[in-house]
Amino acid sequence: MKNIVVLISGNGSNLQAIIDACRANKITGNVVAVLSNKANAYGLERAKLADIPAYFVDPTLYNDRTDYDKALIEKIDAYQPDIVVLAGFMRILSPDFVTHYQHKLLNIHPSLLPKYPGLHTHRQVLANKDSFHGVTVHFVTEELDGGPMIIQARIPVLPDDTEQSLQTRIQAEEYRIYPLAIGWLADERLKMQNNQAVLDDIALFDNLG
């Protein structure tokens, strides 16, 4: 069973999907700790309700991002993680953090990467009158939302869609594909090789550099 540590900043709905998948034996692992940079993140309550250790790591106690990330690493490494999952963790991570967890650090982003890295993806999809929207799970590298892509889900943009309706429909896909990707990594079927995600020795996406 793999040890999974999850980092959150908010509601923790993806965290809940991951916890549920572990407990349904869809992931060969367990969430062993949850960390947040926000004291009032409801995801911390979700962890406590599931009897999972939950920690608020206060960014204001540290001089800069590097010092903060060192504190995160110390806290995370106490749980000997096999997989570190970003589930709505709204901080840009330092290169040292990313390097420390290279090949076992995953993120989910609400767009069809490489389109729309960063924030306000639903707004951009509507503004550009896109026909489709989606969500991407990827390995984390130093490039913001730019690591090797693992899996995407796509939905049509409907004539009456709003940012809220898109978010709701995208989240339903997130809860489906994030546990799936984590499960592949837990089963050692998924790897990061030569800046590509490889599943069962087959590259999943062309290397987009």
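Let me start with Asn107. In this predicted model, Asn107 is buried, with a relative accessible area of 11%. The cut-off for buried is under 20%, so Asn107 falls on that side of the line. Asn107 sits in strand S5, which covers residues 105-109. Leaving aside residues up to four places away in sequence, Asn107 touches Leu86, Thr136, Val137, His138, Val140, Asp145 and Tyr178.

Several of those contacts belong to the neighbouring strand, so let me take the pairing next. S5 and S6 run antiparallel, and four bridges join them. Across from Asn107, in S6, stands His138. S6 itself covers residues 132-139, and seven of its eight residues are buried, so the rest of the structure largely encloses this strand. S6 also pairs with strand S7, residues 149-156. That pair is antiparallel as well, with seven bridges. Here Thr136 is a useful marker, standing opposite Gln152 in S7. As general background, side chains in a regular strand alternate between the two faces of the sheet.

Now the annotation. Which residues does UniProt list with Asn107 under "binding site"? The entry, which is unreviewed, gives Arg65, Met90, Arg91, Ile92 and Leu93 along with Asn107. From that list, Met90, Arg91, Ile92, Leu93 and Asn107 are in the lining of the largest pocket.

Arg65 is the residue I would look at separately. It lies in helix H3, residues 65-77. Is Arg65 buried or partly exposed? Its relative accessibility is 36%, so Arg65 counts as partly exposed. Its contacts, again leaving out residues up to four places away in sequence, are Arg91, Ile92, Leu93, Ser94 and Pro95. Arg91, Ile92 and Leu93 are therefore contacts of Arg65 and also carry the "binding site" annotation in the unreviewed entry.

On to the pocket. The largest pocket has a volume of about 1,100 Å³. It is lined by 38 residues, and the closest to its centre are Gly88, Met90, Ile108, Pro110 and Leu119. Which elements give two or more residues to that lining? They are helix H1 at 13-23, S5, helix H5 at 121-127 and helix H6 at 163-186. H6 provides the largest share, five residues. Sorted by class, the lining has 14 nonpolar, 17 polar and seven charged residues. As a general point, rolling a probe the size of a water molecule over the atoms shows where empty space is left.

There is a second set under the name "binding site", also from an unreviewed UniProt entry: Gly12, Ser13 and Asn14. Gly12, Ser13 and Asn14 are in the lining of the largest pocket. Gly12 is placed in the loop between strand S1, residues 2-8, and H1. It counts as buried because its relative accessibility is 9%. Outside the stretch of four places either way in sequence, Gly12 touches Gly43 and Arg46.

Asn14 is in helix H1. It is buried too, with a relative accessible area of 8%. With the same sequence neighbours left out, Asn14 touches Ala87, Ile108, Glu174, Tyr175 and Tyr178. Two names there have come up before. Ile108 is among the residues closest to the pocket centre, and Tyr178 is also a contact of Asn107.

That leaves helix H6, and I will take two of its residues. The first is Ile177, which lies in H6 and is buried, with a relative accessible area of 0%. What does Ile177 touch, not counting residues up to four places away in sequence? The contacts are Ile108, Val135, Val137, Ile151, Gln152 and Ala153. For a sense of distance, Ile177 and Pro117 are 60 residues apart in sequence, and their C-alpha atoms are 19 Å apart in space.

The second is Glu173, also placed in H6. Is Glu173 buried or exposed? Its relative accessibility is 19%, and the cut-off is under 20%, so Glu173 counts as buried. Beyond residues up to four places away in sequence, Glu173 touches Val135, Ala153 and Ile155. Val135 and Ala153 are on the contact list of Ile177 as well.

Note on methods
Residues are numbered from 1 along each chain as its sequence is written. This is a predicted model: local features need pLDDT of at least 70, side-chain atom pairs count only at pLDDT 80 or more; totals for chains, interfaces and linings use all residues. Side-chain values use heavy atoms; hydrogens and water are left out. UniProt positions are given in the numbering used here, feature names are shortened, and annotations may be inferred rather than shown by experiment. On a 1 Å grid over the protein atoms alone, a cavity is a set of points where a 1.4 Å probe fits but cannot get out, and a pocket is an open set with protein on both sides within 12 Å along at least five of seven lines; lining residues have an atom within 4 Å of a point. Buried means under 20% relative accessible area, exposed over 50%, partly exposed in between (1.4 Å probe, protein chains only). Contact means heavy atoms within 4.5 Å. Grid points are joined across faces, edges and corners, and a volume is the space filled by probe spheres set on the points. Ala, Val, Leu, Ile, Met, Phe, Trp, Tyr, Cys and Pro count as nonpolar, Asp, Glu, Lys and Arg as charged, and the others, Gly among them, as polar. Two strands pair if DSSP finds at least two bridges between them.
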